[in-house]
Amino acid sequence: MTKKYSVLYAEDEDNVRSNYVMYLHKYFNVVYEASDGEEALDLYRNKTPDIVILDITMPLIDGLEVAHTIRKNDLKTPIIILSAHSDEKKLLKAVKLQLLDYLIKPIERAELEEVISSAKKRILEDRPDASQKNVLMLKNGHRWDKTTSILYQKDKIIALKKSEAKLFGFFIEKHNQVLEPLEIHDFLRGEKEVKYNYTSIRNLISGLRKKLPKEMIENIYGQGYLFKL
């Protein structure tokens, strides 16, 4: 459901934290754990998790104060507060922090799963593609996933051959630079001893061009090719 996202979970009770961390690993690629508020803030600043889950009662800095500090510069990251008590004053204070939710312990797993799902939707609403940190937005609704080397046009996958995907990734890396055909050849061959063949390079680029907006790859006469984002 949310494997591609990361979560920060802060809880001072070791056994409780250990159980929740094990549970959260079912839904998140990365789980950062903190045992107090200071550690939670350090992890938030250094790791920039997608979602933050904070126990309200923690040493050094409590969960609400951690959330307050985060909200000074970040109004987007979903924050979930966990509490053993329904304290009216704390609830009123929490309202001002634009929390995703305020859950009272003990928390049913189904309830937590529902809140995690809501957090994912919030991320997608606030950061439709930027939430996928390795996705690069291009012209005409195209986007390139650097992790999977997949090219999309809106929600449709553009089928690229292995060599085309490798070349496209190279163009992305070297965008706004004129690339000579020999330079492209040297990159594509890697460690293999392959004789330079201008025709094969030209044909490969021609095939890639047919799958992209026309202005994306420009032929610079007598020099090579220019890829423009």
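In which loop does P106 lie? In this predicted model, P106 sits in the loop between β5 (101-104) and α5 (109-126), and the peptide bond that leads from K105 to P106 is cis, with omega near -5°. Most residues other than glycine have a negative phi, and most peptide bonds are trans. Further places where the backbone departs from this pattern come up below, once the overall layout has been described.

The protein has eight helices and twelve strands. Of its 229 residues, 43% are buried, and the surface that the protein exposes amounts to about 13,300 Å², with carbon and sulfur atoms supplying 49% of that area. When the contacts with a separation of 6 or more are considered, 52% of them are accounted for by residues 24 or more positions apart.

A useful place to begin a closer look is an open sheet of four strands, which has the order β6-β7-β8-β9 and antiparallel pairing. Its edge strands are β6 (135-137) and β9 (156-158), each of which pairs on one side only. Neighbouring strands of this sheet are turned by 30° against each other on average, if direction is ignored. Strands of a sheet pair through backbone hydrogen bonds, either parallel or antiparallel.

Following the sheet from β6, the reader meets three bridges that join this strand to β7 (residues 142-145), and the two strands run antiparallel. Within this pairing, V135 stands opposite D145 in β7, while M137 has R143 of β7 as its bridge partner. The two strands form a hairpin with four residues between them, and in the turn N140 has a positive phi of about 55°. On the other side of the pairing, four bridges join β7 to β8, again with the strands running antiparallel, and R143 stands opposite Y152 in β8. The hairpin of β7 and β8 likewise has four residues between the strands, and here S149 takes a positive phi near 55°.

Are the residues on the two faces of β7 buried or exposed? Both faces are covered, since H142 and W144 on one side and R143 and D145 on the other are all buried. R143, which pairs with M137 and stands opposite Y152, is thus one of the buried residues of this strand. Helix α6 (residues 162-173) lies across β6, β7 and β8 (150-153), and runs at about 100° to β7.

The same helix leads on to another part of the structure, where helices pack against one another. The axes of α6 and helix α8 (residues 198-209) come within 10 Å and cross at roughly 85°, which makes α6 roughly perpendicular to α8. On the side of α6 the contact is made by S163, E164, L167, F168 and F171, and on the side of α8 by L204, I205, G207 and L208. These residues divide into six nonpolar, two polar and one charged.

Helix α8 also packs with helix α7 (residues 181-189), at an angle of about 85° and with the axes 10 Å apart, so that α7 too is roughly perpendicular to α8. Here P181, I184, H185 and L188 of α7 meet Y198, I201, L204 and I205 of α8, and the residues of this contact divide into seven nonpolar, one polar and no charged. L204 and I205 of α8 therefore take part in the contact with α6 as well as in the contact with α7.

Past the end of α6, N176 lies in the loop between α6 and β10 (178-179). Its phi is near 65°, a positive value in a residue other than glycine, and N176 is exposed, with a relative accessible area of 52%. Another such residue is T48, whose phi is near 40°; T48 is placed in the loop between α2 and β3 (51-55) and counts as partly exposed because its relative accessibility is 46%.

The helix before that loop, α2 (residues 37-47), contains E38. With 44% relative accessibility, E38 counts as partly exposed. Leaving aside residues up to four places away in sequence, E38 touches L60 and I61. The C-alpha atoms of E38 and V66 are separated by 8.0 Å, although these two residues are 28 residues apart along the chain.

Conventions. Residues numbered from 1 in each chain as written. Predicted model: local features only at pLDDT ≥ 70, side-chain atom pairs only at ≥ 80, totals over all residues. Heavy atoms only, no water. Pairing = 2+ DSSP bridges. Axes fitted to C-alpha atoms, helices over the stretch in contact; angles between N-to-C directions. Contact = heavy atoms within 4.5 Å. Buried < 20%, exposed > 50% of the residue type's maximum accessible area, 1.4 Å probe, protein only. Parallel < 35°, antiparallel > 145°, perpendicular 65-115°, else oblique. Nonpolar A, V, L, I, M, F, W, Y, C, P; charged D, E, K, R; others polar. Areas by Shrake-Rupley, 256 points an atom, 1.4 Å probe, with all protein chains shown as cover.
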